[in-house]
Amino acid sequence: MLSPPINPVPIVYSIVKSGNLIDRTAQIKIEGQSFESNLQVWFHNIPAETTYKCSNILIAQVPNITCFEEKLTAEKVDLLNPVRSFFVSLTLVRNDGIIYPTYQNYQFDLPGIKAYYKKNFINAETSKKRND
């Protein structure tokens, strides 16, 4: 059985952020060429809800920052001075499993990370101290 051709290879020119991580409206607009409706944007190893607009534009919902808890925990300096930002790679994955690198990253930065730490670490430490 013949596989579909890998070409044309989608190429990403730019990424435009919009929305807000805190209220979960964050999304990115990916501009490039050779996009098809069978592509899905992945943030590191997390698939994102992706909308095909045309052969030059894809829209992807940014996954909740808690999806990257392992990465956040690994990069955390300490609870009171958390990292100010971290990057995840963006890839395009065709519905038949073909993976196209974009050579682009998405940067999570304050206030999203600060809110994550406050909710998951600082408040947990505070309530732990109160219970002691």
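## Contacts and overall composition

A contact here means heavy atoms within 4.5 Å. In this predicted model, contacts between residues at least 6 apart in sequence join residues at least 24 apart in 50% of cases.

The protein has 132 residues, of which 29% count as buried. Its accessible surface comes to about 8400 Å², and carbon and sulfur atoms account for 52% of that area. Two helices and eight strands are present. Read from the N terminus, the elements follow the order β-β-β-β-β-β-α-β-β-α.

## The four-stranded open sheet

Strands of a sheet pair through backbone hydrogen bonds, in either the parallel or the antiparallel sense. One open sheet of the protein contains four strands in the order 4-3-7-8, and its pairing is antiparallel. Its edges are formed by strand 4 (46–47) and strand 8 (99–109), each of which pairs on one side only.

Within this sheet, strand 7 (residues 85–94) and strand 8 run antiparallel and are joined by nine bridges. Valine 93 has isoleucine 99, in strand 8, as its bridge partner.

## Strand 2 and its partners

Strand 2 spans residues 27–33. Its pairing with strand 1 is antiparallel and extends over seven bridges; serine 14 has glutamate 31 of strand 2 as its bridge partner. Strand 2 also runs antiparallel to strand 6 (residues 57–61), to which five bridges join it. Isoleucine 30 is matched there with leucine 58 of strand 6 as bridge partner.

The two faces of strand 2 can be told apart by their cover. Ile28, Ile30 and Gly32 make up the covered face, whereas Gln27, Lys29, Glu31 and Gln33 make up the uncovered one. The bridge partners named above include a residue of each face: isoleucine 30, paired with leucine 58, belongs to the covered face, while glutamate 31, paired with serine 14, belongs to the uncovered face.

## A nonpolar surface patch

Ile6, Val9, Ile11 and Tyr13 form a nonpolar patch on the surface. Together these four residues have about 370 Å² of accessible area.

One member of the patch, valine 9, lies in the segment before strand 1 (11–18). Valine 9 counts as partly exposed because its relative accessibility is 39%, and this class lies between the limits of under 20% for buried and over 50% for exposed.

Methods
Residues are numbered from 1 along each chain as its sequence is written. This is a predicted model: local features need pLDDT of at least 70, side-chain atom pairs count only at pLDDT 80 or more; totals for chains, interfaces and linings use all residues. Side-chain values use heavy atoms; hydrogens and water are left out. Patches are made of residues with over 30% relative accessible area and no salt bridge: like charges are joined within 9 Å, nonpolar side chains (Val, Leu, Ile, Met, Phe, Trp, Tyr) within 5 Å. Accessible areas come from the Shrake-Rupley method with a 1.4 Å probe; for residues, only the protein chains shown count as cover. A salt bridge is a side-chain nitrogen of Lys or Arg within 4 Å of a carboxyl oxygen of Asp or Glu. Buried means under 20% relative accessible area, exposed over 50%, partly exposed in between (1.4 Å probe, protein chains only). Two strands pair if DSSP finds at least two bridges between them.
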